[in-house]
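Visitor: I'd like to go through the labels on this model and hear what earns each one. Can we take them in turn?

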Amino acid sequence: MHDDRSHVEARLRRFIRERLEPAVHPDFRPLRVEHWSVPDEPVPFSEAVDRDYEPTPAGWTWGRAWSSTWFRLSGRLPEGWSRRHTEIVCDLGFTADRPGFQVEGLAYRPDGSILKAVSPRSHHLPLDADTDTDADADAADEVTFYIEAAANPDVAGEWTFATTDLGDKLTSGEDALYSLGAIGFAQRDETVWELLQDIHVLRGLLREVPQDSPRHHLIVRGLERMLDTLDPDDIAGTATRAREVIAPLLASPAHASSHRLVAVGHAHIDSAWLWPTRETVRKVARTFANALDLMQRHPEFVFAASSAQQYAWLEQHYPDLFERVREQVRAGRFVPVGGMWVESDTNMPGGESMIRQFLHGKRFFRERFGIETEEVWLPDSFGYSAALPQIVRGTGSRWFLTQKLSWSQVNRLPHHTFWWEGIDGTRVFTHLPPADTYSSELSPAELLHTERNFQDAGAATMSLVPFGFGDGGGGPTREMLAAADRSRNLEGLPRVEIGTPSRFFTDAEAEYPDAPVWAGEMYLELHRGTYTSQLRTKQGNRRSEQLLHEAELWSATAAIRTGQPYPYDELRRAWETVLLLQFHDILPGSSIAWVHREAERDHARVRDELTALVDRSLAALVGGGSTALLANPMPMARDGVEAFAVGTPHETAAPATWERRQDGGVVVDNGVLKAVIDARGLVVSLVDAASGREAVAPGGAANRLVLHRDTPNEWDAWDIDDHYRRNATPLDVGTPDALDVISGDDGAVTVVVTRSFGSSSVTQRLGLAPGSPALDIELVIDWHESQKLLKLFADIDVHADVTAAETQFGHVHRVTHENTSWEAARFEFCAHRWVHVGEPGYGVAVTNDSTYGHDARRTARAGGGRSTTLGMSLIRAPRYPDPVADQGMHTLRVSLRPNAGIRDAVAEGYRLNRPLRHVTGDHPAAPLFAIRSETVVAETVKLADDESGDVILRLYESAGGRGSVSVSALFDAASCQRTDLLERPAGEQWDAASVTLELRPFEIVTLRYRRAGGDAASSGR
């Protein structure tokens, strides 16, 4: 029957495959192909062009994993063929229709200029762009191109998540991966191609409209008449008439109430993931070249790309291409978005790191393009910290976009357009594209899913859809632009217009100013394992962050006190390295072995460089004497040394003592805290002298180790699924391998407990220092497990309804029950340096130096009541994408402080992560500021980023209440002004001698001090 959709579908399917698609390129003539295989790492065109090329037969097998091969294509345009209607079709050996996860190529002209990229969905090279009207006819008919082809392996393995050695060129082998396909001239029938695009849209629409609707019947009949009109033996001669037959179907306008879609050209490029950063550099060039080529041919096309780092790579490695991008930025068609150095993770980076993502990113965009980005663009990061709205607004951005929350396993955010409120009350206008993808092809199915899925319909009428193949897949294609053109105003579909993100956000905010509010973190109910995977990368990040703080603090102090030049360039390079390594597939531990091997190397280099800066600055501050001194990088006094100062060590308290228990255990006491470790090596009692209260739950322990089976349903390195909790093997049952006691020269007592399990071992060093209110636990893990998760549990005798977990510039509360599906889905959460478990009047602070994954559970007590068990995920062993993730030795530190409030937790977090530094010199060094407050903490002291020599002081309220602070400059300062987080004037100005401020809960304040007589020269540079 003529109205039978399955009938017309079947007819269309075969007709397209056997008649229409071949008719797009009705004639093909092979080109001469030659190759030169690069012996090792990629080389630039200037080197490749002068190499000796070998003839390359059709079907040549080439490309070991991660290698590069240059192909030279040459030939003479067949007689009678015009460049306008001819293109080169280039199959490098594409193995699947999955752009971005296999071989990719970049085409060059003989003069070294870049034409465009070659990928499975965009494998043509146009000849019309090479037309030279001054060239003679013979020369114009000669064609030569060079293609740099990257033999990137399909590490994803068709998303089987199979263990593979392809993730590092050190282990990927020598086997060739690809077989060269057809490469040659092809005549292109534009009319047939346009007909195909008409059919794709109507065919897609037919699948979506109700089968009993008039629109459905009209499309079925129209497509049948179109097929009847086409002559199978003369497609070219009948294509125009066939288009006329279905033209009325494409001219029927959308309903006035149709949803409005702003389509933004995009190509999400992970700065590293299943490839190293060196390959991302080339992916950026390929993708941006494709976007520029489309801009030449489609005046309406605009393309948005984030990540200043990627533009910086382009400027460094492809300067001519960068200049072409700059021209289109000026024209408003190539749109930098996001304002960040990379699309970073937002759960684990410290607060200062999140600010610097914007400081460095926005500075790059201002300096290179003269623009101020206003939208934060994080479509793929794994959840969003509740501190982010304040940071977004404080760095001059107005809007926030993400898509990743559509991946949540259980619950769905109730809105797509809303105000997102952070922990301090700041709100940012936010959009989650209801397309549920950041790589749309603008198919009717995707467009209608967007319209049907939009949860704010009725109050709002528009959404944004990013379109284009990402990760080196070529970005938007001419087929997508054809789909957008046909869907601009088409009955049955939402209205589609190509536009910029700012265009969407401006209109959406104006239309929906009273949008609903979502308060708190935007937790992704997936990828919870990213808080733990690749421990070495996470430790490198934490330590780099702390060293950056120290290097800036002591360098600024030395610049003010001694005139030593401030190391702007060195610090900038270090920051940009660390910011790159916070990308949302590097810091979370979800990249291949190559990426994490390089991340560990880069963090080690940053450590060495920053340590040298710290040593140099401290030497300048204290002189060359031999007096023992302590440098305190903490924002609070410790051991008698002022905050941010170098002082003389304070006389220590009485040494800790210990005694052996009858059962073979140990009791350790320093007069402030008493710990009982039983014969199993378990801390079964922890009592502080001030309260006399027991911190350890009855029958529990404060240092329980449990090994879990860790077999995620899908994404190995990404996920911890809740069924892990049903497979637990306690490691603290029975006698440990060893239980020893060490009395240190510093008066500390350390109980050393060693256990073996599987192919691994763990040593806990339970240390109590003189006068310390906290028990320190150092864990040395020799890890050789597979698909296992090691957790450390503290059973705390506290009836806690919520925990407080540190995040950037504050903390968030998380309930300990699972009353709702939202709470049950948050079974693993992220915390920074500390978690506080408390009830009114009493609490316990648990701090760490490199652990992010946590969980908190209620524990019923015999006889009624309950306790709280806090779990810390220490280390995992996923097999994909890095089959040897975290194998080997690791050292972590945890601390437990009973009878602690939030302020104590904050102080302990700093103590464990910013240790005192022992130096020798002639004299102490005073801090730059005297800061007096109960809850306001100074996070950062540095010189201003603009190299003016001004001093920057960043403060935040840490306890979640109103906070008062008084700040006095202890150097010759002329004035003090409040700035935004990018150090630009944004408020009051005061006398620098004394400033008193009232901060709202978790408010961040940045103060800029201009030195007396200060100008650029005062920076010491």
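Guide: Sure. Two strands count as paired if DSSP finds at least two bridges between them. Keep in mind that this is a predicted model.

Visitor: What makes strand 18 and strand 19 a pair?

Guide: The cut-off is at least two bridges. Strand 18 (residues 417-421) and strand 19 (residues 427-431) have five, in the antiparallel sense, so they pair by that definition. Thr417, for one, sits opposite His431 in strand 19. The two strands make a hairpin with five residues between them, and Gly425 in that turn shows a positive phi of about 100 degrees.

Visitor: How do you know that strand 18 pairs with strand 22?

Guide: Here it's three bridges, in the parallel sense, to strand 22 (residues 517-519). At least two are needed, so this counts as a pair too. Trp420 has Trp518 as its bridge partner in strand 22.

Visitor: Why is strand 18 called mostly covered?

Guide: Five of its five residues are buried, and buried means under 20% relative accessible area. Thr417, Trp419 and Glu421 point one way, Phe418 and Trp420 the other. In a regular strand, side chains alternate between the two faces of the sheet.

Visitor: Why is Phe809 called buried, and Glu158 partly exposed?

Guide: Phe809 has a relative accessible area of 5%; the limit is under 20%, so buried is the right word. Glu158 comes out at 46%, and partly exposed covers what lies between 20% and 50%, so that label fits. Each has a positive phi of about 55 degrees without being a glycine. Glu158 belongs to the loop between strand 10 (142-151) and strand 11 (176-179), while Phe809 is in the loop between strand 36 (802-807) and strand 37 (810-815).

Visitor: What makes the bond between Tyr880 and Pro881 stand out?

Guide: That peptide bond is cis, with omega about 5 degrees. Pro881 is in the loop between strand 42 (866-876) and strand 43 (888-897).

Visitor: Which residues have the most contacts inside the largest nonpolar core?

Guide: Met226, Phe334 and Tyr1009, in a core of 202 residues. Helix 17 (residues 593-622) gives the largest share, 10 residues. Apart from that core lies another, of 54 residues, including Val683 and Leu775.

Visitor: How do you know what Tyr1009 touches?

Guide: Contact means heavy atoms within 4.5 Å. Leaving out residues up to four places away in sequence, Tyr1009 has partners including Phe929, Val951, Leu953 and Phe971.

Conventions:
Residues are numbered from 1 along each chain as its sequence is written. This is a predicted model: local features need pLDDT of at least 70, side-chain atom pairs count only at pLDDT 80 or more; totals for chains, interfaces and linings use all residues. Side-chain values use heavy atoms; hydrogens and water are left out. A nonpolar core is a set of buried Ala, Val, Leu, Ile, Met, Phe, Trp, Tyr and Cys residues joined through side-chain atoms within 4.5 Å. Buried means under 20% relative accessible area, exposed over 50%, partly exposed in between (1.4 Å probe, protein chains only). Helices (H or I, at least four residues) and strands (E, at least two) are DSSP runs, numbered from the N terminus.
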